[in-house]
Number of protein chains: 2
Amino acid sequence: MFISTSEHSVDAKNRVSVPASYREVLRGDPHDAIYVFPHFSGAYLEGGGELFMQQYRADIARLGRYDPLGQIMEVAVLGAAKRLDFDSTGRITLPKEFIEHARLGKRAAFVGCGSRFEVWNVEDHARRSSDMREAAAQMMQDPEQVARLGGGQSLESLIKSSPSLADFLNRRGS
Amino acid sequence: MFISTSEHSVDAKNRVSVPASYREVLRGDPHDAIYVFPHFSGAYLEGGGELFMQQYRADIARLGRYDPLGQIMEVAVLGAAKRLDFDSTGRITLPKEFIEHARLGKRAAFVGCGSRFEVWNVEDHARRSSDMREAAAQMMQDPEQVARLGGGQSLESLIKSSPSLADFLNRRGS
DNA sequence: TCGCTATATGGGATATCATGGGAAATTATG
DNA sequence: CATAATTTCCCATGATATCCCATATAGCGA
């Protein structure tokens, strides 16, 4: 699971270190790489490992070749995504288009979102982060939203429906 | 289950011992670590083990990728959380941002909250603790609140509805 | 009362991570 | 095919985090 936020330098060669904790999540993937694409709904990049990309591929494939939504997502996600290989010290090189899309400067913020992560311009992220944290505190005042969130019951429902999942989560920690 | 409160030193390297009774709860987790994040609604840290974090992940994942509440919680919880590994004597190292957020000084208070725990500046905690005890006494005067609490019936309902889940929670001590 | 064991805490040595720069290999271009 | 541009690989370095050992303290049992 990708968690935590950290800032990293983008050097003159457009290289940036991927947080070591993210690389640990990716151990076992067939390629020593991440998949990244400029997100269609904002000035940031979305990325993840093999599983992340396969989830998109499967969602799109399930729609079928002639589904308009599928065609849109093919272009917006699969067409926009690149596999970025790690160098020996755990860095990737960001394509110029990605840097421009996310308005990245000398530093970039990696934000863990569970099954995937986002890459932001640090100022944009700081702004968004404080907005989101304030919104989260607000949400906790609203019983309807609290109920929607589930209060930790979601996992228990999963375990109830599939007891073996509990062992899996325990072992994998992912 | 995380219970009881104890104070521990934060040393020059920002290390702090996690109460032994908490570590015992975490035995069996895939990593010898806790997950902690600066809470969005106050100057304290919230933490727990693998199950604690998976509950957040599952709650957020259930809302789906495009739910605004889910996005808020991704940033406020998953993006803010870090896995803090124990050293051989059961200490963790607190990141500087965490110390600043919770205004921790030379000592920190660990407060058990069942499935999770909180870390507080000792003065803030003392104040809050007496407020909460007073509030609890008040609540018991209100029949509506007393009814909501359930009077100990909740566990019996849980066991009746799903013996295997009850067994899982029992083994995990959470 | 005297150790024994758990736990808690401090400090120095070591390993890992992030990052910069140069050399070699690859690709694009005329 | 030759040259320039770019990318990939490799090594160096400083900062930080991790490991390991030493000591202190408290509870427990003989």
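Start by selecting A:H8, which has its place in strand β1 of chain A, strands (E, at least two residues) and helices (H or I, at least four) being DSSP runs numbered from the N terminus. This is a predicted model, in which local features need pLDDT of at least 70 and side-chain atom pairs count only at pLDDT 80 or more, while totals for chains, interfaces and linings use all residues. Residues are numbered from 1 along each chain as its sequence is written, chains are lettered from A and ligands numbered from 1 in the order in which they are written, and side-chain values use heavy atoms, with hydrogens and water left out.

With a relative accessible area of 18%, A:H8 is buried, where buried means under 20%, exposed over 50% and partly exposed in between, computed with a 1.4 Å probe on protein chains only. Show the side chain of A:S6 next, since the side chain of A:H8 makes a polar contact with it at 3.3 Å; a polar contact is a pair of N or O atoms within 3.5 Å, where within protein one must be able to donate a hydrogen and the other to accept it, and residues adjacent in sequence count only if both atoms are side-chain atoms. Leaving aside neighbours within four places in sequence, A:H8 is in contact with residues including A:V16, A:P19, A:K106 and A:F110, contact meaning heavy atoms within 4.5 Å.

From A:H8, move to the ring of A:F110, which belongs to one aromatic cluster with A:F2, A:Y22 and A:F117. A search of the whole structure finds 18 aromatic pairs over all chains; rings of Phe, Tyr and Trp (its six-membered ring) pair if their centres lie within 6.5 Å, and planes under 30 degrees apart count as stacked, over 60 as edge-to-face and the rest as tilted. A:F110 and A:F117 form a tilted pair, 6.0 Å centre to centre with 40 degrees between the planes, and both residues are buried. Now select B:F2 and B:F117, whose ring centres are 5.1 Å apart and whose planes stand at 75 degrees, so this pair is edge-to-face. B:F2 lies in the segment before β1 (5-9) of chain B and B:F117 in strand β8 (residues 117-121) of chain B, so that the pair links distant parts of the chain, 115 residues apart. B:F2 counts as buried at 3% relative accessibility, and B:F117 counts as buried at 0%.

For a ring with a charge, display A:Y56 together with B:R65, whose charged end sits over the ring, 4.7 Å from its centre; the criterion is that NZ of Lys or CZ of Arg is within 6 Å of the ring centre and within 35 degrees of the ring normal.

Turn next to DNA strand C, which has 25 residues around it, A:K13, A:R15, B:K13, B:R15 and B:R91 coming nearest; a residue is near a strand if one of its heavy atoms lies within 4 Å of it. On the phosphate side, a polar side-chain atom of A:R23 lies 3.1 Å from a phosphate oxygen of DNA strand C, and one of B:H8 lies 3.4 Å from a phosphate oxygen of the strand. On the base side, select A:R91, where a polar side-chain atom lies 2.9 Å from a base nitrogen of DNA strand C. Of the atoms of DNA strand C within 4 Å of the protein, 39% belong to sugar or phosphate and the rest to bases. The residues of this surface divide into five nonpolar, eight polar and twelve charged, with Ala, Val, Leu, Ile, Met, Phe, Trp, Tyr, Cys and Pro counted as nonpolar, Asp, Glu, Lys and Arg as charged, and the others, Gly among them, as polar.

Then select DNA strand D, where 0% of the atoms within 4 Å of the protein belong to sugar or phosphate and the rest belong to bases. The residues around DNA strand D include A:S88, A:T89, B:S88 and B:R91, and the residues of the surface near it divide into no nonpolar, three polar and six charged. A polar side-chain atom of A:K13 lies 3.3 Å from a base oxygen of DNA strand D, while an N or O atom in the side chain of A:R15 is 3.3 Å from a base nitrogen of the strand.

As a last stop, select B:R27, in the loop between α1 and β3 (33-38) of chain B, which is exposed with a relative accessible area of 64%.
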